[in-house]
Amino acid sequence: MADLILSPLGLGILGLLIGSFLNVVVHRLPAMYMREWWRFDLAEFALADARSWRAAFGARDEPPRELAAASEAIKRHLDGLAPLTLWRPRSRCPECGHAIRALENIPVVSWLVLRGRCSACGTRIAWRYPLLEAATGILFAACAWRFGASAQALVSCAAVALLLPMALIDLEYTLLPDSLTIPLVVLGLVAAAAGWTPVRWGDAATGALVGYGVLWAFGAFWQLALHKANAMAEGDMKMLAGIGALTGWQPIAGALFLAAILGAVVGVGLIALGRHKREVPIPFGPYLALGGLAAVLFPQAIGGFGESLAPLVGL
Ligand SMILES: [Zn+2]
């Protein structure tokens, strides 16, 4: 039974089901984060508002009443919302509110049978939903194919289930939630310590530090030497720390090169096509995810790729 579940077919089917859940994660996690931000900003604002206003604009000046009214209105709006978690409320069509039934929630199949439309109102359902399910299924199957019926296959699947939503959320919102990046670091360190992967514990810990440090150093250099805004967000650093913890430090350079090359090619392509403005930051998470997935599935090859490119940058 365990062999069947851990076969490429078994893990592929599990991947389709997990991919269906990842759609919920990609859809709701950013909303959950942003609601927290609004709440936090509001609390800060209510506390600092009068004092900072006077400090900034004059001791006898009062903050305009519209400010207090606006913050009160946003607070009321937030308090009036039904709580949003990954589990509640159940999925509904955003257009007509039709509750998605179990039969309409079969990964990929339901979308094909419904021909990409809501069964109640006929509104189009984006193709990225079945695409994420299919991608998760294929990558889970690839983990089983690469590592056989083993703990390493399951660890790699867990990494896939964290890296894919990171890529999509960063692509859409330039946001890498801690609730995805930190578990990736923990997964890597625990897997190495428990001997679930061939990565040695020391290499995993070094990998986490090197992954974080290399992007931190790059961002600091960019800021200090070139007087530009820091190009690296902390989320990117935590994400590469997680990749390093999973694979050990050896494939980090290769994964990073691969991510940078992909990012540069796509970025230049989008600018050339006029689809992207030069000033808008390009999220790095999607490319880190691709580099990370390659490093998880093919650590030796990505390690070798990094070494072969080292002379090009004078290392
Ligand atoms: Zn509908």
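1. In this predicted model, helix H7 covers residues 178-194, and its 17 residues should span 24 Å at 1.5 Å a residue; the end C-alpha atoms of H7 are 23 Å apart, which agrees with that expectation. The buried residues of H7 are Leu 180, Thr 181, Leu 184, Val 185, Leu 187, Gly 188, Leu 189, Ala 191 and Ala 192. These buried residues pack against H6, helix H8 (201-226) and helix H9 (234-247). As a reminder when reading that list, an α-helix has 3.6 residues a turn, so residues three or four places apart point the same way. Just after H7, Gly 195 takes a positive phi of about 75°.

2. Helix H6, one of the packing partners of H7, can be checked in the same manner. For its 23 residues (151-173), a rise of 1.5 Å a residue gives an expected span of 33 Å, and the end C-alpha atoms of H6 are indeed 33 Å apart. Of these 23 residues, 17 are buried, so H6 is largely enclosed by the rest of the structure. The residue just after H6, Thr 174, has a positive phi of about 45°.

3. On the overall fold, the protein contains twelve helices and zero strands, and the pattern along the sequence is accordingly α-α-α-α-α-α-α-α-α-α-α-α. Taken along the principal axes, the C-alpha atoms fill a box of roughly 70 × 60 × 45 Å. Of the 315 residues in the protein, 35% are buried. Among contacts with a separation of 6 or more, 73% are made by residues 24 or more positions apart.

4. The protein is divided into domain 1 (8-113) and domain 2 (150-313), and the C-alpha centres of the two domains lie 26 Å apart. Across the boundary, nine residues of domain 1 are in contact with eleven residues of domain 2. On the side of domain 1 that touches domain 2, the residues divide into eight nonpolar, one polar and no charged.

5. Where does the largest nonpolar core lie with respect to the two domains? This core has 71 residues, and those with the most contacts inside it are Cys 143 and Val 160. Its largest share, 14 residues, comes from H6. Domain 1 (8-113) and domain 2 (150-313) both give residues to the core, so the core lies between them. As general background, nonpolar side chains in soluble globular proteins tend to be buried together.

6. Two residues deserve to be read together here. Leaving aside neighbours within four places in sequence, Val 160 is in contact with Thr 136, Leu 139, Phe 140, Cys 143 and Leu 293. Thr 136, for its part, is placed in helix H5 (residues 128-147) and is buried, with 27 other C-beta atoms within 10 Å, where 20 or more are needed for that class. Not counting residues up to four places away in sequence, Thr 136 touches Gly 15, Leu 16, Ile 18, Gly 19, Leu 22, Val 160, Ala 161 and Leu 164. The C-alpha atoms of Thr 136 and Leu 6 are separated by 15 Å, although these residues are 130 residues apart along the chain.

7. Some backbone geometry should be inspected by eye. Most residues other than glycine have a negative phi, and most peptide bonds are trans. The peptide bond from Arg 88 to Pro 89, however, is cis, with omega near -10°, and Pro 89 lies in the loop between helix H3 (65-80) and helix H4 (109-113). Val 108, which is also found in the loop between H3 and H4, has a positive phi of about 60° although it is not a glycine.

8. How many C-beta neighbours does Val 108 have inside 10 Å, and to which exposure class does it belong? Val 108 has 17 such neighbours and therefore counts as partly exposed. Arg 115, a residue other than glycine, likewise has a positive phi, near 50°, and is placed in the loop between H4 and H5. With 9 other C-beta atoms within 10 Å, Arg 115 is exposed, the limit for that class being 12 or fewer.

Terms used. Residues numbered from 1 in each chain as written. Predicted model: local features only at pLDDT ≥ 70, side-chain atom pairs only at ≥ 80, totals over all residues. Helix = DSSP H or I, 4+ residues; strand = E, 2+ residues; numbered from the N terminus. Expected span 1.5 Å × (residues − 1). Contact = placed C-beta atoms within 7 Å. Domains from an automatic or database assignment. Nonpolar A, V, L, I, M, F, W, Y, C, P; charged D, E, K, R; others polar. Core = buried A, V, L, I, M, F, W, Y, C linked by C-beta atoms within 7 Å.
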